[in-house]
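Trainee: Please take a close look with me at the packed interior of this chain, and then at one charged pair that interests me. I would like to know which parts build the interior before I turn to single residues.

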Amino acid sequence: LTGSIYAFGSVSGAVFNPAVALALHLRGRISAADAARFTAVQVLAMALAGVLGFLIYGVSAFPMVAEQSVAGYLSAGLAEVLFTFTIITVVLHLATTKQHEHNDAAGLVLGLTILGCAVCASKASSACFNPAIAFGLYLGKALVEAARPAIASGPLGAALGAAAAEAPELEVSPWQPLLFTAGPMLGALLATRLFQATLPDE
């Protein structure tokens, strides 16, 4: 991710996350239309990543709640809100303030922040922090499962091997993509409002 920030920062601002797009829109840095376009592309990109992941590894992937219970969902939701809040706070300070306007270390600092948050939240929520991952991989999973019979019976199934053809379907509750969307978006909203309250002149 750090490499992608430096590689594509001058192209798109390195907006790879709908939560970041929301925060930048609330800050007045991008329009609602641009935020919607960023989000649509991000979701489609993650759907493609989910399909490619199946074609390469033979299994579907999706961020999972560690414990399938009310307490597990609350823990995962809290982790998503708090750590996305942290990430968006760093993004807003590094990418939208005059003080850090020419900070060449911003991408590295953000990458390390995300890494630290991921380590802390991984056991509770798979450290998603990105609604595009949740909905994109959910869409990719749906496409894979719909095409699984054709894949298994065709030459692609032979290329992937028996393991891919016989791999069990990944059971994902519809609540999980909602949790992994609402949590980061709420974290982004709270971070932006706090930023605006503490730095009204920016």
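Mentor: Two residues are in contact here when heavy atoms lie within 4.5 Å of each other. The model is predicted, with local features needing pLDDT of at least 70 and side-chain atom pairs counting only at pLDDT 80 or more, while totals for chains, interfaces and linings use all residues. Numbering runs from 1 along each chain as its sequence is written, and side-chain values use heavy atoms, with hydrogens and water left out.

The frame comes first: the chain has 9 helices and 0 strands (DSSP runs numbered from the N terminus, H or I of at least four residues for a helix, E of at least two for a strand), and along the sequence the pattern reads α-α-α-α-α-α-α-α-α. Of the 202 residues in the chain, 40% are buried (under 20% relative accessible area, with exposed meaning over 50% and partly exposed in between, for a 1.4 Å probe and protein chains only). Among the contacts in the chain with a separation of 6 or more, 78% are between residues 24 or more positions apart.

Within that frame, the largest nonpolar core (buried Ala, Val, Leu, Ile, Met, Phe, Trp, Tyr and Cys residues joined through side-chain atoms within 4.5 Å) has 27 residues, and V20, I87, I88, L110 and F129 have the most contacts inside this core. Two or more residues each come from α2 (18-26), α4 (70-96), α5 (106-125) and α9 (175-198), and α4 gives the most, with 7 residues. L110 shows how such packing looks from one position: once its neighbours within four places in sequence are set aside, L110 is in contact with I5, I87, V90, V91 and L94. Apart from this core lies another, of 7 residues, including V65, A76, L179 and F180.

F129 also appears in the surroundings of N17, a residue in the loop between α1 (2-12) and α2. Leaving out residues up to four places away in sequence, N17 touches Q42, F129, N130 and P131. N17 counts as buried because its relative accessible area is 11%.

One of those partners, Q42, is itself buried, and belongs to α3 along with the buried residues A35, A47, G50, G53 and F54. Helix α3 (residues 32-57) has 26 residues, which at 1.5 Å a residue should span 38 Å, and its end C-alpha atoms are 37 Å apart, in agreement with that figure; the expected span is 1.5 Å times one less than the number of residues.

Your charged pair lies in this helix as well. Side chains of opposite charge can pair when their charged atoms come close. A search of the whole structure finds 1 salt bridge (a side-chain nitrogen of Lys or Arg within 4 Å of a carboxyl oxygen of Asp or Glu), and D34 forms a salt bridge with R37, the closest N and O atoms being 2.5 Å apart. Because they stand 3 residues apart in helix α3, D34 and R37 are separated by about one helical turn. With a relative accessible area of 29%, D34 is partly exposed, whereas R37, at 51%, is exposed.
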